[in-house]
Amino acid sequence: MKSLFLKFAKTSLILVYIVIIAGALVRMTGSGMGCPDWPKCFGYYIPPTDIKELTWSPNREFESGQVIIKDEALLVAKDNFTTGTTFDVNHWRPYTKHDYAIFNPTHTWIEYLNRLAGLLGGFAVLFMAVFSFAFWKGNKKIVFLSWLVVIMMGIQGWLGATVVYSVLNPIKITLHMIVALLIVAVLLFTIRKAATINTALKIDNTFRNVVILTLLLTLIQIALGTQVRQFVDNQGHDNLLSALENPPLNFYIHRSFSILIFGLNFFLYHRNKKLELGFSKINWVMAFIVVEFFTGILMYYFNFPFGTQPLHLVIAALLFGVQFYLYMETKKQNSVTI
């Protein structure tokens, strides 16, 4: 039971990161409204591939909840019926969550795969929580943390729906991303609580405090990054360079924070090496920050080359995860305090 718990916990962590990657692809391709409803997609569990499936036609069967696009608006079937030779408004009601009525099959399937990854992650988390009861006698905290992740995944799903209903409101997109990172943190904490790790490390209070600071700054940096990206998206994909000629204030804060984060983490890297603390994860942190710098420069100076935006976001999420794990290592009870 305990070994199965760890397998599902690690699988859940991987799937959450896959969801983050899928979400980054959604942002890169502008597919956020590929499915205008939730949790179905145009009223289907498996989304349509052709506009004909979303067009009214005579002598066609419809099921309750299915969606069509008519006169640039979404209409939802009220009941199960077969169309006649003319359109009967009595079988339809307007979709009231928003007025976005555009079908792009590529965007639809990218968004659908994003949701499918989230669904798989939800099942993995649920199985993890069920198997967590193996720790009930020895460590109830693992059980509570596991079910907390289930609740957080539910909240994340609800946030995904609100993002769609708001037609990609920037604040809700940012909150959606932050909750994903918090899920990563709780999963890492839960896995570490359940696993047996005997690595001896030297604990330095200054090192630990700066790790906490860099972790918080990274979280703020990611939130600012989603806001900057939303600003660029709103300018149109054909005008990316000119969009940054007069950027908002959060762009300058985002850029300045990157220098601060690099400086603080370089301090950690140097202190770890000088005092021989043994925190090897700081090497990964520095490597991820270098990639973040490189992709950020490419986006700003070279008109967002293909793939740089999702890579930038995914590396940021990985950076947060490694930093959080590093923070947990600084609290290792059997470590040596200096």
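## Leucine 181 and the core around it

Start with leucine 181: setting aside residues up to four places away in sequence, its contacts are Ile20, Leu219, Ile222, Ala317 and Phe320. Keep in mind that this is a predicted model. Leu181 is also one of the best-connected members of the largest nonpolar core, which has 43 residues; Phe5, Ile20, Val149, Leu181 and Ile183 are the ones that touch the most other members.

Which elements give two or more residues to this core? They are α1, α2 (105–131), α3 (140–165), α4 (170–194), α5 (205–235) and α9. The top contributor is α4, with 13 residues. Apart from this core there's another one, of 19 residues, and Ile203, Phe207, Ile261 and Phe288 are among them. As a general backdrop, nonpolar side chains in soluble globular proteins tend to be buried together.

## The chain as a whole

Zooming out, the protein chain has nine helices and seven strands. Its C-alpha trace spans about 85 × 55 × 25 Å along the principal axes. There are 338 residues, and 47% of them count as buried.

What about contacts between residues far apart in sequence? Taking the contacts with a separation of 6 or more, 71% are between residues 24 or more positions apart.

## α1 against α4

A packed helix pair is described by the angle between the two axes and the distance between them. For α1 and α4, the axes come within 10 Å and cross at roughly 160 degrees. Angles over 145 degrees count as roughly antiparallel, so that is how α1 and α4 run relative to each other. The crossing itself is left-handed.

Who makes the contact? On the α1 side it's Phe5, Leu6, Ala9, Lys10, Ser12, Leu13, Val16, Tyr17, Ile20 and Arg27, while α4 brings Ile173, Met177, Ala180, Leu181, Ile183, Val184, Leu187, Leu188, Thr190, Ile191 and Ala194. By class, that makes 17 nonpolar, two polar and two charged residues. Familiar names turn up here: Phe5, Ile20, Leu181 and Ile183 are also on the list of core residues that touch the most other members.

## α1 against α9

Helix α1 (residues 2–29) also packs on helix α9 (residues 308–329), at an angle of about 150 degrees and with the axes 8 Å apart. α1 and α9 are therefore roughly antiparallel too. Here the crossing is right-handed, whereas α1 passes α4 in a left-handed one.

From α1, the contact uses Tyr17, Ile20, Ile21, Ala24, Leu25, Arg27 and Met28; from α9, it uses Gln309, Pro310, Leu313, Val314, Ala317, Leu318 and Gly321. Sorted by class, there are eleven nonpolar, two polar and one charged residues. Ile20 and Ala317 take part in this contact, and both of them also touch Leu181.

## α3 against α4

The axes of α3 and α4 come within 10 Å, crossing at roughly 165 degrees. These two helices are therefore roughly antiparallel as well, and α3 passes α4 in a left-handed crossing. The contact has 18 nonpolar, six polar and three charged residues.

The loop between α3 and α4 holds leucine 168. Leu168 isn't a glycine, yet its phi is positive, about 65 degrees. Is Leu168 buried or partly exposed? At 25% relative accessibility, it counts as partly exposed.

## The loop after α1, and Tyr165

The loop between α1 and β1 (61–62) has a couple of backbone oddities to check. Proline 39 is found there, and a cis peptide bond joins tryptophan 38 to it, with omega at about 5 degrees. Phenylalanine 42 has its place in the loop between α1 and β1 too. Phe42 is a non-glycine with a positive phi, about 55 degrees, and at 0% relative accessibility Phe42 counts as buried.

Tyrosine 165, for its part, belongs to helix α3. Its relative accessible area is 24%, which means Tyr165 is partly exposed. What does Tyr165 contact, beyond its neighbours within four places in sequence? The partners are Trp38, Tyr95, Lys97 and His98. Trp38 is the residue on the other side of that cis bond from Pro39. As for tyrosine 165 and phenylalanine 42, they are 123 residues apart in sequence, with 13 Å between their C-alpha atoms.

Note on methods
Residues are numbered from 1 along each chain as its sequence is written. This is a predicted model: local features need pLDDT of at least 70, side-chain atom pairs count only at pLDDT 80 or more; totals for chains, interfaces and linings use all residues. Side-chain values use heavy atoms; hydrogens and water are left out. Axes are lines fitted to C-alpha atoms, for helices over the stretch in contact, and angles run from 0 to 180 degrees between N-to-C directions. Helices (H or I, at least four residues) and strands (E, at least two) are DSSP runs, numbered from the N terminus. Angles under 35 degrees count as roughly parallel, over 145 as roughly antiparallel, 65 to 115 as roughly perpendicular and the rest as oblique. A crossing is left-handed if the near helix is turned anticlockwise from the far one by less than a right angle, and right-handed if clockwise. Contact means heavy atoms within 4.5 Å. Ala, Val, Leu, Ile, Met, Phe, Trp, Tyr, Cys and Pro count as nonpolar, Asp, Glu, Lys and Arg as charged, and the others, Gly among them, as polar. A nonpolar core is a set of buried Ala, Val, Leu, Ile, Met, Phe, Trp, Tyr and Cys residues joined through side-chain atoms within 4.5 Å. Buried means under 20% relative accessible area, exposed over 50%, partly exposed in between (1.4 Å probe, protein chains only).
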